[in-house]
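Trainee: Let's take a close look at one part of this model, the largest pocket. Please spell out the cut-offs as you go, and tell me about its setting too.

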Amino acid sequence: MKPETFSLLENYMTACMGDSAHDGEHVRRVLYLALEIGSTEPSADRDVLIAACLLHDIGRAEQFRDPGLCHARVGAEKAYHFLLDQGFPERFAAHVRDCVRTHRFRSDDPPASIEAKILFDADKLDVTGAIGMARTFFYAAQVGQPLYSRLPDGAVSDGSAEEPAGCHSVLREYKVKLERIYDRFLTAKGREIALRRQAAAVRIYNDILAEAREPYETGSRILREHFSAGGSV
């Protein structure tokens with residue numbers, strides 16, 4: 001791929017982005033991780049991989065406006081038509097479209113080609129470790145979700161329990177997705193990088209849970225003692 005072709009794709013990607021958790025820096029991290037993984041997969045088409053990485057999240061704005069849409073499917077079609085409009089061969093555009101369409105974690109349409117598997121792994125790597133936890137905080141804040149929720153007895157939930165309708169806390173996201181992602185990688189290099197990062201995510205989760213629970217446990221005990229003593233008013 002020539003530098004001017006890369007700039008064309010990067011500029012289009014930048015024009016489509018706006019979500020702080022899925023911004024241009026996320027895309028660049030995914031690209032560089034994909035290139036690292038791809039260096040261990042000799043059969044991978046690097047030009048397809050670069051294009052697919054740069055364009056994989058261009059459907060995010062549509063999904064954000066209408067949560068009923070799948071950003072991977074929307075983005076796949078946008079990428080396909082953009083590439084055709086720019087004069088790329090149909091076969092190349094279709095291959096990129098397939099990679100983008102199948103990159104999503106929760107999907108019944110798994111990646112088939114090696115380029116699609118590499119993109120899948122690279123994108124998932126950006127929700128592992130400390131970066132993954134930080135991005136989860138960003139996204140929760142953007143859509144108005146809390147750091148944690150509380151159980152019916154008032155205790156801070158560790159995220160394992162179902163939450164009330166409309167609530168999906170950071171700790172819940174960790175338990176239902178981030179904690180389980182480490183055995184979902186499709187390439188050996190992707191798994192290797194993910195396992196290096198896992199301890200950081202576990203540590204952050206445990207620290208947040210401990211620090212959230214401690215004031216509730218200590219403070220509620222003090223409050224009960226105050227009530228028992230009758231207070232002064």
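Mentor: Burial first: a residue counts as buried under 20% relative accessible area, exposed over 50%, and partly exposed in between, using a 1.4 Å probe and protein chains only. On that scale, 44% of the 233 residues of the protein chain are buried. Keep in mind that this is a predicted model, where local features need pLDDT of at least 70 and side-chain atom pairs count only at pLDDT 80 or more, while totals for chains, interfaces and linings use all residues. Numbering starts from 1 along each chain as its sequence is written, and side-chain values use heavy atoms, with hydrogens and water left out.

Now the frame around your pocket. The protein chain has 10 helices and zero strands (DSSP runs, H or I of at least four residues for helices and E of at least two for strands, numbered from the N terminus). Reading from the N terminus, the elements simply go α-α-α-α-α-α-α-α-α-α. The C-alpha trace spans about 80 × 35 × 30 Å along its principal axes.

So what does the pocket look like? The largest pocket has a volume of about 630 Å³. There are 26 residues in its lining, and H22, R106, Y139, E173 and K177 are the closest to its centre. A pocket here is an open set of points on a 1 Å grid where a 1.4 Å probe fits, with protein on both sides within 12 Å along at least five of seven lines, and lining residues have an atom within 4 Å of a point. The volume is the space filled by probe spheres set on those points.

Which helices build the wall? α4 (60–65), α7 (114–125), α8 and α9 (170–176) each bring at least two lining residues. The largest share, five residues, belongs to α8. Sorted by class, the lining is a mix of eight nonpolar, 10 polar and eight charged residues (Asp, Glu, Lys and Arg are charged; Ala, Val, Leu, Ile, Met, Phe, Trp, Tyr, Cys and Pro nonpolar; the others polar).

Y139 deserves a second look. The residue sits in helix α8, which covers residues 129–142, and among the lining residues Y139 belongs to the five closest to the pocket centre. Y139 counts as partly exposed, because its relative accessibility is 30%. Y139 also joins F64 and V143 in a nonpolar surface patch of about 240 Å² (patch members have over 30% relative accessible area and no salt bridge, with nonpolar side chains joined within 5 Å; areas are Shrake-Rupley values).

Step back to the helices around all this and you'll find plenty of charge pairing. The count comes to 17 salt bridges, each a side-chain nitrogen of Lys or Arg within 4 Å of a carboxyl oxygen of Asp or Glu. One of them pairs E10 with R28, where the closest N and O atoms are 3.0 Å apart. E10 lies in helix α1 (residues 3–16) and R28 in helix α2 (residues 24–38), so this pair ties together parts 18 residues apart in sequence. Both E10 and R28 are buried.

Helix α2 has a longer reach through another pair. D126 and R29 form a salt bridge whose closest N and O atoms are 2.8 Å apart. With D126 in the loop between α7 and α8 and R29 in helix α2, the bridge links distant parts of the chain, 97 residues apart. D126 has a relative accessible area of 0%, so it is buried, whereas R29 comes out partly exposed at 28%.

Down in helix α10 (residues 188–229), there's a local pair. E192 and R196 form a salt bridge with the closest N and O atoms 3.1 Å apart. They are separated by about one helical turn, because they are four residues apart in that helix. E192 is partly exposed at 40% relative accessibility, and R196 is exposed at 54%. Elsewhere, R73, R97, D98, R101 and D109 are joined into one network by salt bridges that share partners.

R196 also gives you a contact across sequence: from C-alpha to C-alpha, R196 and G129 are 8.2 Å apart in space, with their positions 67 residues apart in sequence. For contrast, take E179 in the loop between α9 and α10, which is partly exposed at 34%. Its C-alpha is 25 Å from that of L35, 144 residues away along the chain. Then there's S149, in the loop between α8 and α9 and buried at 10%. S149 and L54 are 35 Å apart, C-alpha to C-alpha, and 95 residues apart in sequence.

Definitions and conventions
Patch = residues over 30% accessible without salt bridge, like charges linked within 9 Å, V, L, I, M, F, W, Y side chains within 5 Å. Areas by Shrake-Rupley, 256 points an atom, 1.4 Å probe, with all protein chains shown as cover.
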